[in-house]
Amino acid sequence: MSLIPTPAEATGPLLRQAPARRWAAARLALGTASALGISRFAYGLLLPAMRTDLHWSLAQAGALTTANSLGYLLGALLAGVLGRRWGPTATFHLGMMLTALALAATAVSGAYLALLTARTAAGVAGALVFVAGGVIASRNAAAARSPAPITIYFSGAGLGIAVCGASLPPLMTRAPHDWPSAWIGLAAFAFLATAASWTAARVDEPELRSATGRPRMGRLWRTALAYLLFAGGYIAYVTFLSATLAQDHAPVWLISTLWTLLGIGAMAAPRLWNPLIGAWPPARVLTTLLALLGGASALALVSTSYAVLAISVLAYGGTFMTVPAAVTATIRGATRPEDWAPTLSAFTTVFAAGQAVGPWAAGAIADHTSAGATLVWTAALCASAAVVAATGRPKPPR
């Protein structure tokens, strides 16, 4: 099924429904805002205050990120099963509620085991939202004959990043020991996002709960490999950028501004990439995105001036959350509808594995070299992923 509308499809009822569709897509995007932008990425901004207050070692601090990634891996494995049994709408609702509860639980106690458990639960919930929302967005894209529902959905993470960047660094500077209040505020945002996205989490065609669907990785193995490299590389930039700036004694306002720009770039990405995802072959879109990510991360190595860093984070924000959208569009075009959920779940498992290994490997290399090695790691893996993606041109199913 083509994503490009014919002249007849671009007029009439579909055109009149476009604003309603986009509003529903924007509300669905609160899923990635909550489960990724808030639940996953906020920890990097709150980590310095939590580490100081709780007297953690770097290994203890990193273990919480590992726990979140392992939870994400478990959630990716569960998402396909729950999607086939309950459908993507119910799975999305469950993931959103669990995300909000996990964020609230993070504020309850400073006990290390309790925090480890809460971060693991947040990872499980985030994967449920990611997979189920991706399936819903894919089916709505098919109904609308437009890639907009997919790109809007994944760009929602930018809203969560921008909210964190604008609020958390100043708050932690004024009251570094009050990190539980920050988690409570993030949980409140997640509960509001759950309510606002509830009715948007539906598909414009009958939901498929057939147990006959299964992952179709054979024809997509190059795309999966590129996705693995991307997952291991991109997360190092997001995880260590603030830490690298803090190590260089960057002012709080700069860290806050750059993080906010990263989120703004992600929110602006759909307007830039929608026409290309609709017109270009998926392999070309994915290759272009990965090459730009490699260049944006390498740019931060060229100079530490504020202007160069701002360009780097804007370019990075404008591309990194579009990669999952491009991969989802690739899956949608190369598999049958009943195989979308299990295939996307399998890809999310690959993604989670890369995210779990990437920060640890980049940090280990940086410990023996310099903090800038994390940016080299991101640039190298994203460039390698671009080369792999350029060779993959999956054919549509029969």
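**Figure 1. Pro88 is a buried residue, with a relative accessible area of 5%.** Pro88 belongs to helix 5, which covers residues 88-106. This is a predicted model, and in it the C-alpha of Pro88 sits 8.2 Å from that of Ala201, even though the two positions lie 113 residues apart in sequence terms. At 5%, Pro88 falls under the 20% cut-off, so it counts as buried.

**Figure 2. Helix 5 against helix 8, two roughly antiparallel neighbours.** Here we stay with helix 5 and bring in helix 8, residues 179-197. The two axes come within 7 Å and cross at roughly 165°. That angle is over 145 degrees, so the pair is called roughly antiparallel. The crossing of helix 5 past helix 8 is left-handed. On the helix 5 side, the residues in the contact include Phe92, Met96, Met97, Ala100 and Leu101. Helix 8 answers with residues including Trp179, Trp183, Leu186, Ala187 and Ala190. Further residues in this contact include Leu103, Ala104 and Thr106 from helix 5, plus Phe191, Ala193, Thr194 and Ser197 from helix 8. A quick reminder for reading the pattern: in an α-helix, residues three or four places apart point the same way, because there are 3.6 residues a turn.

**Figure 3. Helix 6, residues 112-144, is largely enclosed by the rest of the structure.** Of its 33 residues, 25 are buried, so there's plenty of protein around helix 6. From first C-alpha to last, helix 6 reaches 47 Å, close to the 48 Å expected at 1.5 Å a residue. Look for Asn140, which lies in helix 6. With a relative accessible area of 11%, Asn140 is buried. Its C-alpha is 8.5 Å from that of Arg21, a residue 119 positions away in sequence. Just after helix 6 comes Arg145, with a positive phi near 55°. For comparison, most residues other than glycine have a negative phi.

**Figure 4. Helix 6 meets helix 13 at an oblique angle.** Helix 13 takes in residues 322-334, and it packs on helix 6 at an angle of about 60°, with the axes 10 Å apart. An angle of about 60° makes the two helices oblique to each other, so neither parallel nor perpendicular is the label here. The handedness of this crossing is right-handed. Four residues of helix 6, Phe130, Gly134, Ser138 and Ala142, touch Pro324, Thr328 and Arg332 of helix 13.

**Figure 5. Helix 12 and helix 13 run roughly parallel to each other.** Helix 12 spans residues 306-320, and its axis is 5 Å from that of helix 13, at an angle of about 25°. Being under 35 degrees, that angle is why the pair counts as roughly parallel. Gly318, Thr319 and Phe320 of helix 12 make the contact with Thr322, Val323 and Pro324 of helix 13.

**Figure 6. Leu289 in helix 11 has a relative accessible area of 0%, which makes it buried.** Leu289 lies in helix 11, residues 282-302. What does Leu289 contact, leaving aside its neighbours within four places in sequence? The list is Trp273, Thr319, Thr322, Val323 and Ala326. Thr319, from helix 12, and Thr322 and Val323, from helix 13, also turn up in the contact between those two helices. Cys382 is another residue to find in this view: its C-alpha is 9.1 Å from that of Leu289, with 93 residues separating them along the chain.

**Figure 7. Two buried cysteines, Cys164 and Cys382.** Cys164 has 0% relative accessibility, so it counts as buried. Cys382 also comes out at 0% and is buried. The disulfide count is zero.

**Figure 8. His55, an exposed residue with a positive phi.** His55 isn't a glycine, yet its phi is about 60°. Where is His55 found? It's in the loop between helix 3 (42-54) and helix 4 (58-86). Its relative accessible area is 68%, over the 50% cut-off, so His55 counts as exposed.

**Figure 9. Stepping back: the protein chain has 15 helices and zero strands.** Of its 398 residues, 54% count as buried. Among contacts with a separation of 6 or more, 86% join residues 24 or more positions apart.

Definitions and conventions. Residues are numbered from 1 along each chain as its sequence is written. This is a predicted model: local features need pLDDT of at least 70, side-chain atom pairs count only at pLDDT 80 or more; totals for chains, interfaces and linings use all residues. Side-chain values use heavy atoms; hydrogens and water are left out. A disulfide is a pair of cysteine sulfur atoms within 2.5 Å. Buried means under 20% relative accessible area, exposed over 50%, partly exposed in between (1.4 Å probe, protein chains only). The expected span of a helix is 1.5 Å times one less than its number of residues. Axes are lines fitted to C-alpha atoms, for helices over the stretch in contact, and angles run from 0 to 180 degrees between N-to-C directions. Angles under 35 degrees count as roughly parallel, over 145 as roughly antiparallel, 65 to 115 as roughly perpendicular and the rest as oblique. A crossing is left-handed if the near helix is turned anticlockwise from the far one by less than a right angle, and right-handed if clockwise. Contact means heavy atoms within 4.5 Å.
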